[in-house]
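Welcome! Have the structure open beside you and work through the exercises below, trying each task before reading its solution.

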Amino acid sequence: MENCSGRNGDFERVRWFLIPQPFFRCLAGECWGEWQPPHNIYLSETAASDTPIGQIVVRHEILHDLIGTGGHPAVFDSCGVPALTPPNTPIQQSRVSRAV
């Protein structure tokens, strides 16, 4: 993520937390992962797994830490780690219904 974003960070400063659920309530609604300042990353059991979704979520949250913001500027798409929401949650369902 450092090469893609052009930012450098100290991986040692990140504090990791596991939420023992497939997803959890967060500021955005339902999440697989969430970054909170200064350097806290919360991961659901889904995100902490060695799966394609888990890998994207972990890299996504690391990018939040590198850029130091909770927003989603274009660097998230250019680095291939877009914002994802768990399927079949109210947020995801509303996005699907708006897209149809």
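**Exercise 1.** Decide whether R13 is buried, partly exposed or exposed.

*Solution.* In this predicted model, R13 has a relative accessible area of 30%. Buried would need under 20% and exposed over 50%. R13 therefore counts as partly exposed.

**Exercise 2.** Find the residue with which R13 forms a salt bridge, and locate both residues along the chain.

*Solution.* Start with the general idea: side chains of opposite charge can pair when their charged atoms come close. Next, look at the atoms: the closest N and O atoms of R13 and D65 are 3.2 Å apart. A salt bridge needs such atoms within 4 Å, so the pair qualifies. Then place the partners: R13 lies in the loop between α1 (2-5) and β1 (15-19), and D65 belongs to helix α2 (residues 52-67). The pair is 52 residues apart and links distant parts of the chain. Finally, check D65 itself, which is buried at a relative accessible area of 6%.

**Exercise 3.** A search of the whole structure finds 2 salt bridges. Describe the one formed by R25.

*Solution.* The partner of R25 is E30, with 3.3 Å between the closest N and O atoms. Now compare accessibility: R25 is exposed at 62%, whereas E30 is buried at 12%.

**Exercise 4.** Work out how strands β4 and β5 are arranged.

*Solution.* First, find β4 at residues 33-36 and β5 at residues 40-44. The two strands run antiparallel and are joined by 4 bridges. Next, trace the connection: a hairpin of 3 residues leads from β4 to β5. Last, look across the pair, where W35 stands opposite I41 in β5.

How values were computed
Residues are numbered from 1 along each chain as its sequence is written. This is a predicted model: local features need pLDDT of at least 70, side-chain atom pairs count only at pLDDT 80 or more; totals for chains, interfaces and linings use all residues. Side-chain values use heavy atoms; hydrogens and water are left out. Two strands pair if DSSP finds at least two bridges between them. A salt bridge is a side-chain nitrogen of Lys or Arg within 4 Å of a carboxyl oxygen of Asp or Glu. Buried means under 20% relative accessible area, exposed over 50%, partly exposed in between (1.4 Å probe, protein chains only).
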